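User: Please take a close look at a single part of this structure, the pairing of its strands, and explain with care what lies against them and how the two chains share in it. I am a first-year student, so please explain each term when you use it.

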Amino acid sequence: MDEENKTGMEDFFERLESESLRKGEASNEKGSAAYIAHGYEKKLARKQSFLTKKGVPRNLFWGIVIGTFIISFLLLVGWPLYKNFSDLSYLLKELEDLEKTYYSVNVMARSKDAVIGTLKEKAADMDFLVKTLGIEDNPGSYDEIKLKGSPEKTREILEGLLNNPKILIKDLQLRSNLGFPVVPKTDLPANIVLELSLDIELTNLF
Amino acid sequence: MAMVNLHSKKRKVRLLYLLFFLIFVLAIAMLGNVLVMKAFHSRMKQLEIVKGPLFEQLNISLRGIPGIDAETISEKKNVLIIQEAKLARQLKELDKYLAEKRKEIKFFNDLQETLETSTAEKKLITKIEYNAEKSSVLYYLIYDNEKATPPSVKVPEGYLLSIIGKMNFSNLYKLSLMKLESGE
C-alpha cells in the first residue's frame with residue numbers, strides 16, 4: 001500500500017513539474033518549484049520596474065514626505081509671502097512719500113509760476129528804462145550809471161526803477177544843485193538840476 | 001518553519017508611492033504659491049485703480065510685482081525729491097530777491113510818508129543815498145513863521161530822524177535841515 005501511494009505521489013509531482021516547465025515558469029533553482037493561484041497569475045506576469053521593485057522603509061517614507069512638504073512650503077509659499085509682504089509695505093511707504101512729494105512739487109511749481117507770471121507782467125515795459133539808462137535788457141550788473149535832469153524826469157526814472165521788479169537798486173545817490181532852498185512864495189524860477197548816480201542789477205530769476 | 005512578524009517596523013513602501021506623494025506635496029505647494037502670487041497681484045491691481053490718476057500724472061505703469069513696482073515708485077520719488085529741492089531753492093532765491101526789492105520800495109515809501117506827515121509849507125529833498133545796508137536822506141522843511149510851533153514829525157520804525165540845522169528866513173519862514181537815516 002505504501003509503495004502504491006509513493007508511486008502515485010511521484011507521478012503527480014512529475015506531472016506538475018512538466019506542466020510548469022511547459023508554461024516556461026520553471027524556477028532557476030534546480031529541483032525547486034512554485035505554485036501560483038490562478039487569480040494571481042496576471043499580477044505576477046506584469047513587468048516590474050525599478051520603482052515598483054524597490055522600496056523605502058515606512059518611517060523614511062513619511063520623513064521624506066513631511067520634509068518635502070515643509071521645505072517646499074517654505075520655499076514656494078512662506079518665502080514669497082514674506083518677500084511680497086515686505087515689498088508691499090515698502091511700496092506703500094514709498095507710494096505715500098511719492099504722493100506727498102508730488103503734491104508738494106505741484107504746490108511749489110504753481111506758486112513759483114504765479115509769482116514769476118506776476119513779476120514778468122510787471123517787468124514787461126523795460127523800453128523806457130533801457131533807453132533812459134543806456135543799458136541792455138539782459139540780466140547782469142550795470143554800475144556807475146550817471147544821469148542829470150529835471151526833478152520830473154528824475155522822479156519818472158525813480159518810479160520806473162522802483163516799480164520794475166526786474167531791477168534791483170544796489171546803490172543810489174541823488175543830489176541836487178540846490179545851494180539853499182527856495183522859499184514857498186518866491187517867484188524866482190527854480191532851476192533845479194538833479195544828479196543821479198546808480199548801480200543796478202537786472203535779475204536772471206525770471 | 002519561517003517566522004513572519006506582521007507588525008515589523010521594517011515594512012517598506014514602494015518608491016513609486018513615494019514619487020506619487022512627493023508630486024502631490026509639490027503640487028499643493030505650487031498651488032499655494034500661485035494663490036499667494038494671485039493675492040498680491042490682486043492687491044497691486046487695487047492699488048493701481050485707486051492711485052490710477054497719480055500714476056497717470058507721473059507716467060508710471062505698474063507690473064503687478066511688489067518688489068519691481070516698489071523700485072519704480074522709489075526711483076520716481078527720488079526724481080520728484082530732486083525737483084522739489086530745485087523748486088525750493090528757486091523759491092528761496094526769489095524770496096530773497098523780493099525781500100531786497102521790498103526793502104528798497106519800503107525805504108522810498110517811508111520817506112514819502114515821513115514827508116507827508118510833516119506840516120511844513122514846503123519840503124525839499126536835497127540828497128538821497130540809498131544802498132541795501134544803510135540809507136539816508138537830507139531834506140529841508142520850510143514852515144510859516146506866523147503859525148504855531150511845528151508839530152513833531154512821525155518817524156517810521158527803524159529810522160532815525162535828526163535836525164542838522166535850523167534858521168529863520170527874514171522873519172517869515174523857519175527853515176530846518178533834516179536827516180532821515182535807516183539801517184545801522
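Analyst: Two strands pair if DSSP finds at least two bridges between them, and the strands themselves (E, at least two residues), like the helices (H or I, at least four residues), are DSSP runs numbered from the N terminus. The model is a predicted one, in which local features need pLDDT of at least 70 and side-chain atom pairs count only at pLDDT 80 or more, while totals for chains, interfaces and linings use all residues. Residues are numbered from 1 along each chain as its sequence is written, and chains are lettered from A and ligands numbered from 1 in the order in which they are written.

The part to look at is an open sheet of seven strands, whose order is E2(A)-E4(A)-E3(A)-E2(B)-E3(B)-E5(B)-E4(B), with antiparallel pairing. At the edges stand E2 of chain A and strand E4 (159-169) of chain B, each with a single partner strand, so one side of each is left without a neighbour in the sheet. On average, neighbouring strands of this sheet are turned by 20° against each other, direction ignored.

Begin at the edge in chain A. Strand E2 (residues 140-149) of chain A pairs with E4(A) in the antiparallel sense over eight bridges, and A:Gly149 has A:Leu194 as its bridge partner in E4(A). E4(A) in turn is joined to E3(A) by nine bridges, again in the antiparallel sense; across this pairing A:Gln173 stands opposite A:Ser197, and A:Leu174 stands opposite A:Leu196.

In a regular strand the side chains alternate between the two faces of the sheet. E4(A) has a covered face made of A:Leu194, A:Leu196, A:Leu198, A:Ile200 and A:Leu202, and an uncovered one made of A:Glu195, A:Ser197, A:Asp199 and A:Glu201.

The next step crosses from one chain to the other. Strand E3 (residues 167-176) of chain A pairs with E2(B) in the antiparallel sense over five bridges. In this pairing A:Leu174 stands opposite B:Ile128, and the bridge partner of A:Arg175 is B:Lys127. At the far end of the order, E4(B) and E5(B) pair in the antiparallel sense over 10 bridges, with B:Met167 opposite B:Leu175 in E5(B).

Helices lie against these strands. H6(A) packs on the sheet and touches E2, E3 and E4 of chain A, and its direction makes about 15° with that of E4(A); such angles run from 0 to 180 degrees between N-to-C directions, with axes as lines fitted to C-alpha atoms, for helices over the stretch in contact. H3(B) lies across E3 of chain A together with E2, E3, E4 and E5 of chain B, running at about 30° to E3(A).

What, then, is the largest nonpolar core, and which residues have the most contacts inside it? A nonpolar core is a set of buried Ala, Val, Leu, Ile, Met, Phe, Trp, Tyr and Cys residues joined through C-beta atoms within 7 Å. A residue is buried if 20 or more other C-beta atoms lie within 10 Å of its own, exposed if 12 or fewer, and partly exposed in between, with C-beta atoms placed from the backbone. The largest such core has 30 residues, and those with the most contacts inside it are A:Ile167, A:Ile169, A:Leu172, B:Tyr139, B:Tyr140, B:Leu141 and B:Ile142. Two or more residues come from each of helix H5 (127-133), helix H6 (151-163), E3 and strand E4 (194-202) of chain A, and from each of H3, E2, E3 and E5 of chain B. E3(B) gives the most to this core, with six residues.

Two residues are in contact if their C-beta atoms, placed from the backbone, lie within 7 Å. Leaving aside its neighbours within four places in sequence, A:Leu172 is in contact with A:Leu198, B:Ile128 and B:Tyr130.

The sheet belongs to a wider meeting of the chains, in which 62 residues of chain B are in contact with 54 residues of chain A. On the side of chain B that touches chain A, H3(B) gives the most, with 24 residues.
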